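Biologist: Could you take me through one part of this model closely, namely the open sheet and the salt bridges, and tell me how the pieces relate to one another?

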Amino acid sequence: QMRLEESGGGLVRPGGSLRLSCATSGDISNLYPMAWHRQAPGKQRELVATITGGGSRKFVDALKDRFRVSGDYATNTIYLDMNDLKPEDTGVYYCKSIQSDSWGQGTQVTVSS
């Protein structure tokens, strides 16, 4: 089973930006469609965005103006670019292969002044 590994999380001030990466252990084309989810403290995990192998993207409406998702076949990695971050964006961010129903271990994002 291919592994997914997120990175790029950290502490950022409100209004800042982060790029999260999800590296896969094999050919990413076998893992699409893929998704980013997040889980805020005390809340259920929620979908943030999905991306297909053909580049089709879908976002949660509330995030589509601030977040971008992309994939790179050359590096077998998907990315989540987050801009104008807000404290309510705090949480653990996970990538998922919908195709294989596999999850990464998550990366913590904390937005705080």
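Modeller: What follows is a walk through the open sheet, then the salt bridges, and then one histidine. Please keep in mind throughout that this is a predicted model.

The open sheet consists of 4 strands in the order β1-β3-β8-β7, and the pairing is antiparallel. Its edges are formed by β1 (4-7) and β7 (67-72), each of which pairs on one side only. On average, and with direction ignored, neighbouring strands of this sheet are turned by 15° against each other. At the β7 edge, 6 bridges join β7 to β8 (residues 77-82), and the two strands run antiparallel. Within that pairing, serine 70 has tyrosine 79 in β8 as its bridge partner.

Strand β8 also takes part in a side-chain link. Aspartate 81 forms a salt bridge with arginine 19, and their closest N and O atoms lie 2.8 Å apart. This pair links distant parts of the chain, since aspartate 81 sits in strand β8 whereas arginine 19 sits in strand β3 (residues 18-24), 62 residues apart. Arginine 19 is partly exposed, because its relative accessible area of 43% falls between the limits of 20% and 50%.

Over the whole structure, a search finds 7 salt bridges. Another of them brings together the side chains of arginine 38 and glutamate 46, at 2.7 Å from N to O. Here the two partners differ in their surroundings: arginine 38 is buried, with a relative accessible area of 9%, while glutamate 46 is partly exposed at 37%. The side chains of aspartate 84 and lysine 86 likewise meet in a salt bridge, with an N to O distance of 3.5 Å. In that pair, aspartate 84 counts as partly exposed at 38% relative accessibility, and lysine 86 is partly exposed as well, with a relative accessible area of 28%. Salt bridges that share partners also join Arg38, Glu46, Arg66 and Asp89 into one network.

Glutamate 46 leads on to histidine 37, whose place is in strand β4 (residues 34-39). Leaving aside residues up to four places away in sequence, histidine 37 touches Arg45, Glu46, Leu47 and Val48, together with Val92, Tyr93, Tyr94, Lys96 and Trp103. Histidine 37 counts as buried because its relative accessible area is 13%, and the cut-off for buried is under 20%. Glu46 therefore appears twice in this account, as a contact of histidine 37 and as the salt-bridge partner of arginine 38, which is itself buried at 9%.

Methods: Residues are numbered from 1 along each chain as its sequence is written. This is a predicted model: local features need pLDDT of at least 70, side-chain atom pairs count only at pLDDT 80 or more; totals for chains, interfaces and linings use all residues. Side-chain values use heavy atoms; hydrogens and water are left out. Two strands pair if DSSP finds at least two bridges between them. Axes are lines fitted to C-alpha atoms, for helices over the stretch in contact, and angles run from 0 to 180 degrees between N-to-C directions. Buried means under 20% relative accessible area, exposed over 50%, partly exposed in between (1.4 Å probe, protein chains only). Contact means heavy atoms within 4.5 Å. A salt bridge is a side-chain nitrogen of Lys or Arg within 4 Å of a carboxyl oxygen of Asp or Glu.
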